[in-house]
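Please open the structure in your viewer and keep the sequence panel beside it. The stops below are meant to be selected in turn.

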Amino acid sequence: MSILLEARGVSKKFGGLTAVDTFDYTLEHGAIASIIGPNGAGKTTFFNLVTGYYVPTTGGITFEG
(Lines give C-alpha, C1' and ligand atoms only; values in the text may rest on other atoms or scores of the structure.)
Protein backbone atom coordinates (compact mmCIF):
# COMPACT_ATOMS: atom_id res chain seq x y z
CA MET A 1 0.00 0.00 0.00
CA SER A 2 1.04 3.61 -0.46
CA ILE A 3 1.56 6.12 2.33
CA LEU A 4 -1.32 8.52 2.99
CA LEU A 5 0.15 10.52 5.89
CA GLU A 6 3.71 10.69 7.13
CA ALA A 7 5.14 12.70 10.03
CA ARG A 8 8.91 12.65 10.58
CA GLY A 9 10.65 14.22 13.57
CA VAL A 10 7.70 16.50 14.33
CA SER A 11 8.01 18.70 17.40
CA LYS A 12 5.91 21.61 18.62
CA LYS A 13 7.04 24.01 21.31
CA PHE A 14 5.07 26.82 22.93
CA GLY A 15 7.69 29.00 24.60
CA GLY A 16 9.37 26.77 27.20
CA LEU A 17 6.72 24.01 26.94
CA THR A 18 7.25 21.09 24.55
CA ALA A 19 3.81 19.74 23.58
CA VAL A 20 5.02 17.21 20.96
CA ASP A 21 8.61 15.97 20.95
CA THR A 22 10.20 14.28 17.91
CA PHE A 23 7.13 12.31 16.80
CA ASP A 24 7.21 9.88 13.86
CA TYR A 25 4.00 8.47 12.37
CA THR A 26 3.09 6.71 9.13
CA LEU A 27 -0.42 5.93 7.93
CA GLU A 28 -1.06 3.89 4.79
CA HIS A 29 -4.08 4.17 2.47
CA GLY A 30 -6.99 2.06 3.75
CA ALA A 31 -5.57 1.68 7.26
CA ILE A 32 -7.61 2.32 10.37
CA ALA A 33 -5.48 3.75 13.16
CA SER A 34 -5.67 5.86 16.28
CA ILE A 35 -3.39 7.79 18.57
CA ILE A 36 -3.99 7.16 22.25
CA GLY A 37 -2.42 8.48 25.42
CA PRO A 38 -3.11 10.20 28.72
CA ASN A 39 -4.33 13.77 29.12
CA GLY A 40 -1.59 16.22 28.21
CA ALA A 41 0.28 13.78 25.97
CA GLY A 42 0.01 16.01 22.86
CA LYS A 43 -2.72 14.18 20.88
CA THR A 44 -4.73 17.31 20.12
CA THR A 45 -1.60 19.30 19.35
CA PHE A 46 -0.54 16.63 16.85
CA PHE A 47 -4.02 16.72 15.27
CA ASN A 48 -3.71 20.50 14.96
CA LEU A 49 -0.30 20.06 13.30
CA VAL A 50 -1.74 17.59 10.77
CA THR A 51 -4.63 19.92 9.90
CA GLY A 52 -2.32 22.92 9.49
CA TYR A 53 -3.71 24.88 12.44
CA TYR A 54 -0.20 24.83 13.96
CA VAL A 55 3.14 24.82 12.14
CA PRO A 56 5.71 22.31 13.44
CA THR A 57 8.69 23.73 15.30
CA THR A 58 10.83 20.96 13.79
CA GLY A 59 10.20 18.12 11.35
CA GLY A 60 7.58 17.85 8.67
CA ILE A 61 4.26 16.32 7.73
CA THR A 62 3.30 15.15 4.24
CA PHE A 63 -0.16 14.12 3.01
CA GLU A 64 -0.30 11.94 -0.11
CA GLY A 65 3.32 12.73 -0.93
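**First stop: the helix**

Select Asn-48, which lies in helix H1; the model you are looking at is a predicted one. Asn-48 counts as buried, because its relative accessibility is 15% and the cut-off for buried is under 20%. If you leave aside its neighbours within four places in sequence, Asn-48 is in contact with Tyr-53 and Tyr-54.

Stay in the helix and move to Thr-45, which is found in H1, the helix made of residues 43-51. Is Thr-45 buried or exposed? With a relative accessibility of 14%, Thr-45 counts as buried. Not counting residues up to four places away in sequence, Thr-45 touches Lys-12, Phe-14, Ala-19, Val-20 and Tyr-54, and Tyr-54 is also among the contacts of Asn-48.

**Second stop: the nonpolar core**

Now select Val-20, one of the residues that Thr-45 touches. Leaving aside neighbours within four places in sequence, Val-20 is in contact with Val-10, Ser-11, Lys-12, Gly-42, Thr-45, Phe-46 and Leu-49.

Extend the selection to Leu-4, Leu-5, Ala-7, Val-10, Val-20, Tyr-25, Leu-27, Phe-46 and Leu-49, and you have the 9 residues of the largest nonpolar core. Two or more residues of this core come from each of strand S1 (3-14), strand S2 (17-28) and H1, and S1 gives the most, with 4 residues.

**Third stop: the sheet**

Switch to a cartoon view and colour the strands, which form an open sheet of 3 strands in the order S2-S1-S3, with antiparallel pairing. Why does one side of S2 and of strand S3 (58-63) have no neighbour in the sheet? Both strands stand at the edges and have a single partner strand each, so one side of each is left without a neighbour there. From one strand to the next, the twist averages 15°.

Zoom in on S1 and S3, which pair in the antiparallel sense over 5 bridges. To look at a particular position, select Ser-11, whose bridge partner in S3 is Thr-58; Ser-11 is also among the residues in contact with Val-20.

**Fourth stop: the loop between S1 and S2**

Select Gly-15, whose place is in the loop between S1 and S2. Gly-15 counts as exposed, because its relative accessibility is 74% and the cut-off for exposed is over 50%. A distance drawn in the viewer from the C-alpha of Gly-15 to that of Phe-63 should span 27 Å, for two residues that are 48 residues apart in sequence.

**Last stop: the charged side chains**

Side chains of opposite charge can pair when their charged atoms come close. How many salt bridges does a search of the whole structure find? The search finds 2 salt bridges, and Glu-6, Arg-8 and Asp-24 are linked in a network of such bridges.

Select Glu-6 and Arg-8, whose side chains meet in a salt bridge at 3.1 Å, N to O. Glu-6 is partly exposed, with a relative accessible area of 23%, and Arg-8 is partly exposed as well, with a relative accessible area of 40%.

Then add Asp-24, whose side chain meets that of Arg-8 in a salt bridge at 4.0 Å, N to O. Because Asp-24 lies in strand S2 and Arg-8 in strand S1, this pair ties together parts that are 16 residues apart in sequence. Asp-24 is itself partly exposed, with a relative accessible area of 46%.

Key. Residues numbered from 1 in each chain as written. Predicted model: local features only at pLDDT ≥ 70, side-chain atom pairs only at ≥ 80, totals over all residues. Heavy atoms only, no water. Buried < 20%, exposed > 50% of the residue type's maximum accessible area, 1.4 Å probe, protein only. Contact = heavy atoms within 4.5 Å. Core = buried A, V, L, I, M, F, W, Y, C linked by side-chain atoms within 4.5 Å. Pairing = 2+ DSSP bridges. Axes fitted to C-alpha atoms, helices over the stretch in contact; angles between N-to-C directions.
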